[in-house]
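Please take a moment to look over the sequence and the structure before reading on. The paragraphs that follow begin at the ligand and then turn to pairs of helices.

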Amino acid sequence: MSPSSPLIIALDYPSLDAALCMADQLDPERCRVKVGKELFTRSGPAVLEALHGRGFEVFLDLKFHDIPNTVAGAVQAAAEQGVWMVNVHASGGRRMMEAAVKRLEEQRLSTYLIGVTVLTSMAAEDLAELGVEVTPDAQVVRLAALAQQSGLDGVVCSAHEAEQLRSRCGDAFLKVTPGIRPSFAAADDQQRIMTPAQAMAAGSTHLVIGRPITQAKDPMAALALVEQELAGV
Ligand SMILES: O=C(O)c1cc(=O)[nH]c(=O)n1[C@@H]1O[C@H](COP(=O)(O)O)[C@@H](O)[C@H]1O
């Protein structure tokens, strides 16, 4: 059964054992989990099998960015392993995104495909160094529009851009927002952050939270605090 919660817990761990140790403390009816580059590179598809076996819906966050044919194949491979969501970099362009969407359709795979816009660790200076002379939110809006036109189900963006995207791309277009920092947590390396409640009010459809929960002394207590904050307690 799909959880009604918007929470996606980032299992950013260096080993399968460490990730499963955290997952075993979580309830698949109260959250989804995200498997990223470090964990997947170390543990491979075994981690997906283990999490699916525990009843979790998994966001495979490998942020594919390559030529269209290569990305289409990678997205198909992810979807065939039954993941709930997979992502590509929207800056890979229209042809890359369209190829991935087409491949999923041809193979009748229903995994959500979303596009990373501007990483939440990036600020205007970082974009300027890359030759992108617009503000992060302008670049997010541009890439989100391209992702939507290319047939993607949504984007990864910071909650700061979610409101604008809600009016431009609609409610059904997913806005998956990392850079979530409950009031009790440090910003770490994130630049464009918001609290869970603010992020939902701004139009996020899903909240990605890692270190504020996984590095907390008591991860379950931290998760409960986030749930309370979301419930407006
Ligand atoms: O695609 C992502 O999930 C992602 C995109 C982005 O722009 N920023 C971002 O932080 N993430 C991921 O979201 C998670 C955030 O983790 P914490 O900063 O520990 O909450 C990490 O796993 C990041 O890889």
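**Around the ligand, and between the helices**

Of the 19 residues around the ligand, those that come nearest are Ala10, Leu119, Pro178, Gly210 and Arg211, where a residue counts as near a molecule or strand if its C-beta atom, placed from the backbone, lies within 6 Å of it. Two or more residues of this shell come from each of strand S3 (58–64), strand S8 (206–209) and helix H10 (211–214); helices (H or I, at least four residues) and strands (E, at least two) are DSSP runs, numbered from the N terminus. By class, the shell around the ligand has eight nonpolar, six polar and five charged residues, with Ala, Val, Leu, Ile, Met, Phe, Trp, Tyr, Cys and Pro counted as nonpolar, Asp, Glu, Lys and Arg as charged, and the others, Gly among them, as polar.

The model is a predicted one, in which local features need pLDDT of at least 70 and side-chain atom pairs count only at pLDDT 80 or more, while totals for chains, interfaces and linings use all residues. Residues are numbered from 1 along each chain as its sequence is written.

How are two packed helices described? The description uses the angle between their axes and the distance between the axes. Helix H1 (residues 16–23) and helix H3 (residues 46–53) pack at an angle of about 15°, with their axes 11 Å apart; axes are lines fitted to C-alpha atoms, for helices over the stretch in contact, and angles run from 0 to 180 degrees between N-to-C directions. That angle makes H1 roughly parallel to H3, because angles under 35 degrees count as roughly parallel, over 145 as roughly antiparallel, 65 to 115 as roughly perpendicular and the rest as oblique. On the H1 side Leu16, Ala19, Leu20 and Ala23 meet Ala46, Val47, Ala50 and Leu51 of H3, two residues being in contact if their C-beta atoms, placed from the backbone, lie within 7 Å. The residues of this contact of H1 with H3 are eight nonpolar, no polar and no charged.

Helix H7 (residues 136–149) and helix H8 (residues 159–169) pack at an angle of about 40°, with their axes 10 Å apart, which makes H7 oblique to H8. H7 contributes Asp137, Val140, Val141, Ala144, Ala145 and Gln148 to the contact, and H8 contributes His160, Glu161, Gln164, Leu165, Arg168 and Cys169. These residues of the contact of H7 with H8 divide into six nonpolar, three polar and three charged.

Helix H4 (residues 68–80) and helix H5 (residues 94–106) also pack at an angle of about 40°, with their axes 8 Å apart. In the contact of H4 with H5 there are nine nonpolar, two polar and two charged residues.
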